[in-house]
Amino acid sequence: MFKWIRSRIGIRLLITFSLVLILSMVSLTYIATQLVAEFGEFSASRNEKNIRDNVNVFLARITHEQAMRYESTFKRFAASSARIAKQAAFLLDNTALYEKKPLKPDEKLVIYPHNKIFSNDARQTTMVLYWGSSTISRGISEQINTLSHLDPVLDVEKNANPESVACYTVTETAIARYYPNIHGVEKLPPTTKFDIRNANWYRIARPENNPARKTVWSNIYLDSVGQGLMTTASTPVYNKNGQYLGATGVDVTLNTIVNDILGKIPSCHKMKDMFSFLLDHQGRIIAFPEKYLTMFEVKIDRDKLTDATVILKHSLLDSTNEEIKKIGQAMIDKDFQVSRFSLKGRPYIISSHFMPSTGWRLGIVVPESVILASVYETRAALDSTVGKMNNRFILATVIFLISSIIIMVIFSIKTFIRPLDILSRGALRVKEGDLSTHVDIDSKDEIGSLALSFNNMVKTLQIAKNLEKQHTRDLEQKVKDRTTEISIRNEELKNTLKELKQEISDRRKAEGALRESEEKYRTLVEESFDGIFVQKGLKIVFVNLRLQEMLGYDEDELLGMDHWIVYHPDYQELTRSRARARMLGETVPSQYEVKLQRKDGSWFYGEINARTISFGEEPGVQVWIKDITERKVHEEEQQRLMAQFQQAQKMEAVGTLAGGIAHDFNNLLMGIQGNASLMLIDHDSRHPDYDRLKNIEQYIKNGADLTNQLLGFARGGRYEVKPTDLNDLVKRGSRMFGRTKKEIKIHRKYQKDIWAVEVDQGQIEQVLLNLYVNAWQAMPGGGELYIQTENTTLDDDYVKPYGANPGKYAKISITDTGVGMDEATRQRIFEPFFTTKEMGRGTGLGLASVYGIIRNHGGFINIYSEKGEGSTFSIYLPASESEVSGQISEVSEDVRHGDETILLVDDEDMIIDVGEQLLEKMGYTVLSARSGKEAIEIYEQKKDKVDMVILDMIMPDMGGGETFDRLKGTNPDIKVLLSSGYSINGYAQEILDRGCNGFIQKPFSIKQLSLKIREVLEG
């Protein structure tokens, strides 16, 4: 029994030990595999092609780093030249100020007889030359005195660039300031042969050679005073009116770079038999190690290599080796290249890199065998292990991605889709008139804030409705009071008539008393403020003077006239029937409102009071007429103003809601877009998730298009406004639409010399596309579309109903032959969320955004349409005196990289998180701040390192505008890119007008961001 137990225990121990041993072996094997895989990443790849590719990348990286090191030096010189040019332009724009307040006493220039050139004393720090004429005019003297304020800038920029020889400026008026003062005027030839403006560095800066107005580099030349190889960074100087004033220059010696090329490359890249060389933009050799010239079969007299001009006369195209010639030509034709060639049976790899500032090419050469030696020894042993590790990594990655997608879908449904559905149903109830609607979304994020804004909007609408009811009650009370007043007056008139009857009765008793009574009655009637007439049957038998004035008839014309002729045709039958009924003793209203018609055909509102009387012993009708036109006009104006007030409140509330939704939704889309861009960087088109990620980007674009429609009728929806030729916009948009809708025939008529308009081109294109699509939907079986542009001048009477200003307008008319619309539909066509399409076929935002965009541009739109007769939309945009901007250039499809430092400012954590990753992927160093205050603190500490700021416009506590002003106060030359999902009351444009360098709208892709960043940094 004991032996049996002992045997069972042994078996268990054996099994336990075996399991531990197996697990240990598995763990050790896994660890060893990982170590082999990591080692393999540095030693080899699976096949010869991959190995060579790694060599290409390695050598290209070395070449890029070396070239960018030289490039950064040239950028520093170019920046100094640009700063000098900027200060020179400012001084010359303000000559009237600075010539009166000199920085130092006037410089006394003396003319040198042998060459007729004016110059200052050799003891001054800056040399001043003037060679434009034999005398110095007052204007030239003022310019010389003004430019003396440039000397501190020249001093600072020269000391900041120890490699430079001199800093200077030369004007079109033949003035030069050169620092330091070499006082070489005595060596200069006469002015008939001497003119600095003919120098190569000055000519390349002129407008005809430099239309982009950028800093440019001169050709390489050998300095005559022994400074070696030289080049000049030249920047044009323009005044605020765009007039070319001259150029500034920074002379740079190439000794440092040439010595580096002829010596050794940095030790971190040191490799046996590796060397570098430098070519200019024409392929000429600037620097080339002597011992390798023979290897490249370039024949140069070695005894003269110290003379740089000898080297500049040769290029790789002079080699007797055909492969070297091809490499030399490829370096001229291509910005970047890595290629292989063979010299004396030994393979080499050459990498070249373009330096943007100068156009030069840096080449680095290394023997292929040096890099590949260790790889050949380890490649075979590591193939199997690396393959297995790749499979495991792919499996783990697929599992992680599937899990992440499931979690993201569950999180999105719970966090975004359900709350947005609740908000959508609430908006529908408000549209149907239910102002007791309240949405319950208990969250602290943007959607919770949006729900709170929605509930506040509904409360505002409830208050507006109550105010409308109160105003209606007030108007009714005023009408009631006026009616009471008129009744009292009628009662007084009735009493007067009773007295008249009494007078008539007394006349039968006494003739004298009768004549007195008649006189009193006639005086009362004739001097009445109301018109009065008496009719017998249908004829007028008596009129007072006031009625004659009111109707424009003489007494003779009215007497005997049918009484109903004085009424407007719409009321003639009514007054005839009531007069007959009254004379027959029937009860009819005695007081009511009518329209009366004057002799000239015009009409006015009147209130009549009629009653039966005895006239000449026969029955008649006496009619009192009061002109109530002013009261009626006032009442109609009140009704119109009330309708406008209600519509304005509704549009204001919906616009506020739309702007908030667009801003918050764009932030959400930005987070999704950023993550999609980051994933696409690591996935090419062969990856199984590539198509899904591209679909996500398309859905994001569709969402952004929807928010752009919301911003169309929200306040301040314009972003990039520039002078534009409407004909170009209409042509481009109509051609694109016509290519997709072949069943519609388009007729175009363009105004020659159409007036320019200042518009956001993207938004006007959106307006036109919405109108084209609206016309297409109105012509389901095809039809005709007429598009016309024209110049027009509108007076105050025409524009007053639209709340616009009179003046010059550019007009676009779009007419279709579709189904048209009735009056009820036409009245509501521009209301947001109103649509005639069936459920699910339209949002009702298209024409609402059209209306909002045109209003935001200071214009207006009207529509003429009849059922079955088609529709015409007419757009009026204010004309501008500015010149039309150039056409929109094609956007690059490549992501542009950089190595600068960027401060990212945004109060949204998800924007900060994805923004940091995007910027780091592009090569930038990123500092982040989650508020304006934090951004200012970081910038004040690290402003010397920060090259650019990306600033969110809408932030709590301290907004983008205030933050920008504080940053600008710290550094007037700071470069800032403004970012937002929307703008309020033109707020974004105000910041741009204050000196902000650019604007980008969320959501944006990594390509859009990279291009915008380079535009700001290089602009």
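## Ser871 and its surroundings

Contact here means heavy atoms within 4.5 Å. With that in hand, take Ser871 in this predicted model. Leaving out residues up to four places away in sequence, Ser871 touches Ile814, Thr815, Asp816, Gly820, Met821, Tyr864 and Ser865. One of those neighbours, Ser865, also offers a polar partner: its side chain and the side chain of Ser871 make a polar contact at 2.8 Å.

Ser871 belongs to strand E26, which covers residues 871-878. Is Ser871 buried or exposed? Its relative accessible area is 5%, and since buried means under 20%, Ser871 counts as buried.

## The parallel sheet

Now for a sheet further along the chain. Five strands make up an open sheet with parallel pairing, and their order is E28-E27-E29-E30-E31. The edge positions go to E28 (925-929) and E31 (998-1001); each has a single partner strand, so one side of each has no neighbour in the sheet. From one strand to the next, the twist averages 20°.

Zoom in on one pair: E29 (residues 948-952) and E30 (residues 976-980) run in the parallel sense and are joined over four bridges. Within this pairing, Leu951 sits opposite Leu978 in E30.

## Helices on the parallel sheet

Which strands does helix H25 lie across? H25, made of residues 932-942, lies across E27 (901-905), E28 and E29. Relative to E28, H25 runs at about 140°. Helix H28 (residues 1006-1018) packs on this sheet as well, touching E27, E29, E30 and E31. The direction of H28 makes about 125° with that of E29.

## The antiparallel sheet

There's another open sheet to look at, with five strands in the order E11-E10-E14-E13-E12 and antiparallel pairing. Why is one side of E11 and of E12 left without a neighbour in the sheet? E11 (285-287) and E12 (336-343) stand at the edges with a single partner strand each, so that one side of each stays unpartnered in the sheet. Ignoring direction, neighbouring strands are turned by 30° against each other on average.

E10 (residues 275-279) pairs with E14 in the antiparallel sense over five bridges, and Phe277 stands opposite Gly363 in E14. Helix H10 (residues 322-333) packs on this sheet, where it touches E10, E12, E13 (346-354) and E14. The direction of H10 makes about 175° with that of E12.

## Arg361, a buried arginine

Arg361 is part of strand E14, which spans residues 361-367. Despite the charged-residue label you might give it on paper, Arg361 counts as buried, at 8% relative accessibility.

What does the Arg361 side chain have 2.8 Å from one of its polar atoms? That's the backbone oxygen of Met331. Setting aside neighbours within four places in sequence, Arg361 is in contact with Phe277, Leu278, Leu279, His281, Met331, Ile332, Lys334, Asp335, His353 and Phe354.

## Cysteines

How many disulfides does the model have? With a disulfide taken as a pair of cysteine sulfur atoms within 2.5 Å, the count comes to zero.

Two cysteines can be placed by their accessibility. Cys167 is buried, with a relative accessible area of 0%. Cys996 is buried too, and its relative accessible area is 8%.

Notes. Residues numbered from 1 in each chain as written. Predicted model: local features only at pLDDT ≥ 70, side-chain atom pairs only at ≥ 80, totals over all residues. Heavy atoms only, no water. Pairing = 2+ DSSP bridges. Helix = DSSP H or I, 4+ residues; strand = E, 2+ residues; numbered from the N terminus. Axes fitted to C-alpha atoms, helices over the stretch in contact; angles between N-to-C directions. Buried < 20%, exposed > 50% of the residue type's maximum accessible area, 1.4 Å probe, protein only. Polar contact = N/O pair within 3.5 Å; in protein donor to acceptor, adjacent residues only side chain to side chain.
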